[in-house]
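Student: Could we go through this structure together? I would like to begin with the internal space and then move on to individual residues.

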Amino acid sequence: MVAASAKPSDWSFERKGTEWVADEERRGKPRTLFWPWAGTSCNVLLVSFGPYVTALGLDWHLAALAAAIGAVLSFLLLALVSLAGQQGGAATMVAGRAAFGFHGNKVPTAISYLALVGWETFSAVLATLAARTVMRRLAPAADTRPLMVFTLLTVIVVSTVLGIYGCHVILRIQKWFALTFTALTVVYIALTLPRISFATHGHGGLGTFAGGVLLIASLLGLSWVNCAADYTRYLPRETSKRALVGWVTFGGTAPAVVLMGFGTLLAAGDPDVAALAETDPISALSAHLPTWFLVPYLILALVGFVSGSTIGLYSSGLALQTLGVRMPRHYTVLIDAVLIACAGGYVVFAAPGFFAPFQAFLTTTAVVMAAWSGIFVVDLWQRRRVGYDRTALFSPVGGYGGVNHAGIGCLCVAVIVGFGLITSPDPHIGPLLGYLFTPAARASGLGSSNLGIFVALVLAALGYAALHRVRPVAEPPLGESRETEPVRVSA
C-alpha cells in the first residue's frame, strides 16, 4: 500500500520491502485480517489433522476439543505478535531486532526463513501428490509425471505472482480463495458424511490430551507466527487492538476447528482412512470420493496449498531482506520460488520417505518458534509505554545494539531444553531429541506429548522477563513528521 495521497487501488503493486511504514501510508480495517489467516486454515489437509490427534489414543470428542484448543491458543499467540506490526509499522522479523539486537536477530530470522521455505515446499509437494492421486484414479495406466510437473510449477508460479504483488493483493485474493474452498468443502463433507461415526473407541489421560493440543498448535499458529506483523503493519496506529486480535484469532481458528473436528469423526468411522492419513493424507482423504468429484477435489486441494504458500512466500521474502540481502522485495520472492522448485522437485521425484522427516521438521521448528514467540511477546509488552525506536531498528549502532544477550541467551536455553522434551519417529533426527526424558517417560505418552514446545515458550518468556528491562528511547523525534517519531506500542 502506498501513500494515501496517491489513492492506491487494492490491486496495486507493493513496492515497499522491510522499510518503515509511515502513518500516511496506513489504512484498512481489522476485519480484513480474517481472510489471510482463514486462508491458511482453508486446507483439506486439516481434515487429516483430526486423525493425527485421535492416533494419540483419544476419543473423537476429546480429540476435537484438543484440536480446537490448540488452534485457538496458537492463533491467539499469532494475533498478539501481529500487534507489533500495527503499532510499530515494521515487518515481524525487523521488529524482532528490539528483542535480539540488530545482528543477534539474524539467528531467529535465519531459522524463520528456513521454516517458511520448508512450509512452502511442503505445500507445493502435497499439491503435486494430490494431482498424482487424482490421475491414478482417473487413468491408472497413464504416466503421472507430466501432470505432476505441471501442478508443481503452477502452484509455485501462482504463489510467486501473488507474493510479488504484495500485501494488499494477498489480503484481497485470500478472500476468494477462502470462499471457493468453503463452497467445495461443503460438497466434500456431504459426500463423506456416510463414513463418519460418533462411536468412542479411544482413551488417554491428561498428558495425551495436552499432547494433542501442542501437536495442533505446532501445525497451525506456531507455523505462521513469524509472519504475523507482516500483514498488520499497514493498519492505522489507532486501530482497535481488541478487534485486531479478535479477527486474526477468529480467522485462523474458525475453518480449522470445523475441518479438524470433521476429521476426528472420519477417523472414528473409518479406521483404515485414519491409518492411511498418517502417511499419505491426500490419498486417504480422496479414497472414498466418487469419480465425478475427483477434479473438484484436486481444485479444493490446490486452492488450500496455494493460499498457504502465498502467505509464506511474501513473508520469506521479507525475512531474506531482514537478513541483509540488498535487493528489492520482489527479487527475494523470486529467489524463494527457485528454492521451492528445486526442493519440491527433489522431494517429489527423488526423495523417499517424505512424511517422517517433515514431521520431525515441524516439531523442531515449533520449539524454536515457541521460544521466539515468548520472547517477542514479552518484549512487545515491555514496550507498551516506551515504543519502538525507528532508528535503532535499522542501525547496528542504535539503541538496541548489535546483540541483545538476554534475548539470544533465553532463546538458546529454551530451545536446548525444548529439544530435550520432544521426540520424533524419524530415525535420523529422533535420536538427537528427547535427551531429558528417562527411557520410561520417552516410551510413554509423555514422550509423544510435544511437551518441549510448551516448556520452550514458558521458559523463554519468563527468562526474558526476568533478565531484560526496556530503556526509554534515547533519541528525540527527527523533525516534525510522525513517521520519524518513536512508535508507541500497546500490547
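The conversation below takes up cavities, helices, cysteines and several single residues in turn.

Tutor: Please keep in mind that this is a predicted model.

Student: Understood. How many cavities of 30 Å³ or more does the structure hold?

Tutor: There are four cavities that reach that volume. The largest cavity has a volume of about 130 Å³.

Student: Which residues lie nearest the centre of the largest cavity?

Tutor: Thr40, Asn43, Leu46, Trp119 and Trp224 do, out of 14 residues that line the largest cavity. Two or more lining residues come from each of helix H2 (45-54), helix H6 (106-138) and helix H14 (294-322).

Student: What is the lining of the largest cavity by class?

Tutor: Nine of the lining residues are nonpolar and five are polar, with no charged residues.

Student: Let us take H6, then. What span does H6 reach?

Tutor: From its first C-alpha to its last, H6 reaches 48 Å with 33 residues, close to the 48 Å expected at 1.5 Å a residue. H6 is also mostly covered, since 24 of its 33 residues are buried.

Student: And H14: how many of its residues are buried?

Tutor: In H14, 25 of the 29 residues are buried, so this helix is largely enclosed by the rest of the structure. The end C-alpha atoms of H14 are 42 Å apart, in agreement with the 42 Å that 29 residues should span at 1.5 Å a residue.

Student: What comes just after H14?

Tutor: Gly324 is found just after H14 and takes a positive phi of about 115°. A positive phi of about 70° is taken by Gly89, just after H3.

Student: Since H3 has come up, what should its 29 residues span?

Tutor: The 29 residues of helix H3 (residues 60-88) should span 42 Å at 1.5 Å a residue, and the end C-alpha atoms are 42 Å apart, which agrees.

Student: A change of topic: how many disulfides are there?

Tutor: The count is zero disulfides.

Student: Why is there no bond at Cys410?

Tutor: The closest cysteine sulfur to that of Cys410 belongs to Cys412 and is 9.5 Å away, which is too far for a bond. The cut-off for a disulfide is a pair of cysteine sulfur atoms within 2.5 Å. Cys412 is likewise in no disulfide, with the sulfur of Cys410 as its nearest cysteine sulfur.

Student: Are these cysteines buried or exposed?

Tutor: Cys410 is buried, as its relative accessible area is 8%. Cys412 counts as partly exposed because its relative accessibility is 39%.

Student: What about Gly409: where is its place?

Tutor: Gly409 is in helix H18. Its relative accessible area of 30% makes Gly409 partly exposed. The C-alpha atoms of Gly409 and Leu300 are 44 Å apart in space, while the two residues are 109 residues apart in sequence.

Student: After H18, where does Ser424 lie?

Tutor: Ser424 lies in the loop between helix H18 (405-419) and helix H19 (439-443). With 13% relative accessibility, Ser424 counts as buried. Leaving aside neighbours within four places in sequence, Ser424 is in contact with Ala360, Gly430 and Leu433.

Student: Where is Leu436 found, and what does Leu436 touch?

Tutor: Leu436 is found in the loop between H18 and H19. Not counting residues up to four places away in sequence, Leu436 touches Val417, Gly420 and Leu421. The relative accessibility of Leu436 is 48%, and therefore Leu436 counts as partly exposed. Its C-alpha is separated by 23 Å from that of Gly407, 29 residues apart along the chain.

Student: One last residue, Arg471. Is it buried or exposed?

Tutor: Arg471 counts as exposed, because its relative accessibility is 63%. Arg471 lies in the segment after helix H20 (451-467).

Student: Which residues is Arg471 in contact with, leaving aside its neighbours within four places in sequence?

Tutor: Arg471 is in contact with Val386 and Gly399. Arg471 and Val386 are 85 residues apart in sequence, and their C-alpha atoms are 7.7 Å apart in space.

Definitions and conventions: Residues numbered from 1 in each chain as written. Predicted model: local features only at pLDDT ≥ 70, side-chain atom pairs only at ≥ 80, totals over all residues. Heavy atoms only, no water. 1 Å grid on protein atoms, 1.4 Å probe; cavity = no way out; pocket = protein on both sides within 12 Å on 5 of 7 lines; lining within 4 Å. Points joined across faces, edges and corners; volume = space filled by probe spheres on them. Helix = DSSP H or I, 4+ residues; strand = E, 2+ residues; numbered from the N terminus. Nonpolar A, V, L, I, M, F, W, Y, C, P; charged D, E, K, R; others polar. Expected span 1.5 Å × (residues − 1). Buried < 20%, exposed > 50% of the residue type's maximum accessible area, 1.4 Å probe, protein only. Contact = heavy atoms within 4.5 Å.
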